[in-house]
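I opened a fresh page for this one and went looking for what holds the fold together. Here are my notes, in the order I took them.

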Amino acid sequence: MRGLDDLKGKRVSVGAPGSGTEVNARTLLEANGISFDDFDAQRLNFNETADALNNGDIDAGFWSVGAPTSSILNLATTNSIRMIGLNDEQLAAADAADETFAPLKLAGGVYQGVDDEVSTVGVPNVLVVSSEMDADTVYQITKAMYENIADMQAVHPAANETTIEFSMNATPVPLHPGALRYFEEAGATVPDHLRP
């Protein structure tokens, strides 16, 4: 399989029932003219998806996780895997369908045997606070998070995507005035739709 259209007629894990993976898979596919009815949809969690791929019980699976994730790491150590990338039109359709989708490049080498960069969508984790929260407190939280990002990256490599640039491109909700203050001091180009 080389693209989304190749899923048609195949056995595909779309994630556990009601999971973020299932919701994201449905949204991405429907934005690109594909429905779960176009293939044999299996609703498996991450480990079940990896096991089913390993055993040949399914042909493809969706993951909505921070990379790298252990289920894919383990699968890639015993199997040759391929990541299906999205083209520019598919990325644009996904973005138009759900503003929480943001174009993301999965670096080559994250998973064994996947040497080239893969174009995909990211779904940002967003720290949300009350609009009533003190602006200085929000400023201090935002500053502490971005200026200590190396500590987060040491815990999980998915934090490598936690950059000011990605945040400005991916955040789906307006910034709190305290966060805005930090980003402006850091020299970020803040889009108008993120201004309160």
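**Cores.** I began with the largest nonpolar core of this predicted model, which has 17 residues. L7, V12, V14, L29, F39 and F62 have the most contacts inside this core. I then asked which elements give two or more residues to it. They are α1 (20–31) and α4 (88–97), and α1 supplies the largest share, three residues.

I picked V14 to see its surroundings. Leaving out residues up to four places away in sequence, V14 touches T21, E22, A25, F36, F39, A41, Q42, R43 and F62. Another core lies apart from the largest one and has twelve residues, including Y146, M168, L180 and A188. I jotted down a reminder here: in soluble globular proteins, nonpolar side chains tend to be buried together.

**Aromatic rings.** How many aromatic pairs are there? I count five. F36 and F39 form a tilted pair, 5.9 Å centre to centre with 50° between the planes. F36 and F39 are both buried.

Y146 and F183 form an edge-to-face pair, with 5.3 Å between the centres and 75° between the planes. I checked where the two partners sit: Y146 is in helix α5 (residues 135–147) and F183 is in helix α8 (residues 177–185). They are 37 residues apart, so this pair links distant parts of the chain. Are these two rings buried or exposed? Y146 is buried, with a relative accessible area of 13%, and F183 is buried too, at 4%.

I followed the rings further and found that ring pairs link Y139, Y146, Y182 and F183 into a cluster. One member also has a charged neighbour: the charged end of R181 sits over the ring of Y139, 3.6 Å from the ring centre.

**Helix α2.** Next I went through helix α2 (residues 46–55) and listed its buried residues, which are T49, A50 and A52. Seen down the axis of α2, these fall within an arc of 165°, so they line one face of the helix. The face turned away from the buried side carries the exposed residues N47 and N55.

What covers the buried residues of α2? The cover includes β1 (11–13), β3 and α3.

I also looked at both ends of α2. At the N-terminal end, N45 is the cap, with a side-chain oxygen 3.1 Å from the backbone nitrogen of N47. After α2 comes G56, whose phi is positive, near 80°.

**A loop threonine.** I stopped at T69, which lies in the loop between β3 (60–61) and α3 (70–78). Why does T69 count as buried? Its relative accessibility is 14%, and the cut-off for buried is under 20%, so T69 qualifies. Not counting residues up to four places away in sequence, T69 touches W63 and Y111.

**Whole protein.** I finished by stepping back. The protein has eight helices and five strands, and from the N terminus on its elements run β-α-β-α-β-α-α-β-β-α-α-α-α. Along its principal axes the C-alpha trace spans about 55 × 35 × 30 Å.

Of the 196 residues in the protein, 35% are buried. I also noted how far along the chain the contacts reach: among contacts with a separation of 6 or more, 59% join residues 24 or more positions apart.

Note on methods:
Residues numbered from 1 in each chain as written. Predicted model: local features only at pLDDT ≥ 70, side-chain atom pairs only at ≥ 80, totals over all residues. Heavy atoms only, no water. Helix = DSSP H or I, 4+ residues; strand = E, 2+ residues; numbered from the N terminus. Buried < 20%, exposed > 50% of the residue type's maximum accessible area, 1.4 Å probe, protein only. Contact = heavy atoms within 4.5 Å. Arc of directions from axis to C-beta. Polar contact = N/O pair within 3.5 Å; in protein donor to acceptor, adjacent residues only side chain to side chain. Phe/Tyr/Trp six-rings, centres within 6.5 Å; stacked < 30°, edge-to-face > 60°. Lys NZ or Arg CZ within 6 Å of the ring centre and 35° of its normal. Core = buried A, V, L, I, M, F, W, Y, C linked by side-chain atoms within 4.5 Å.
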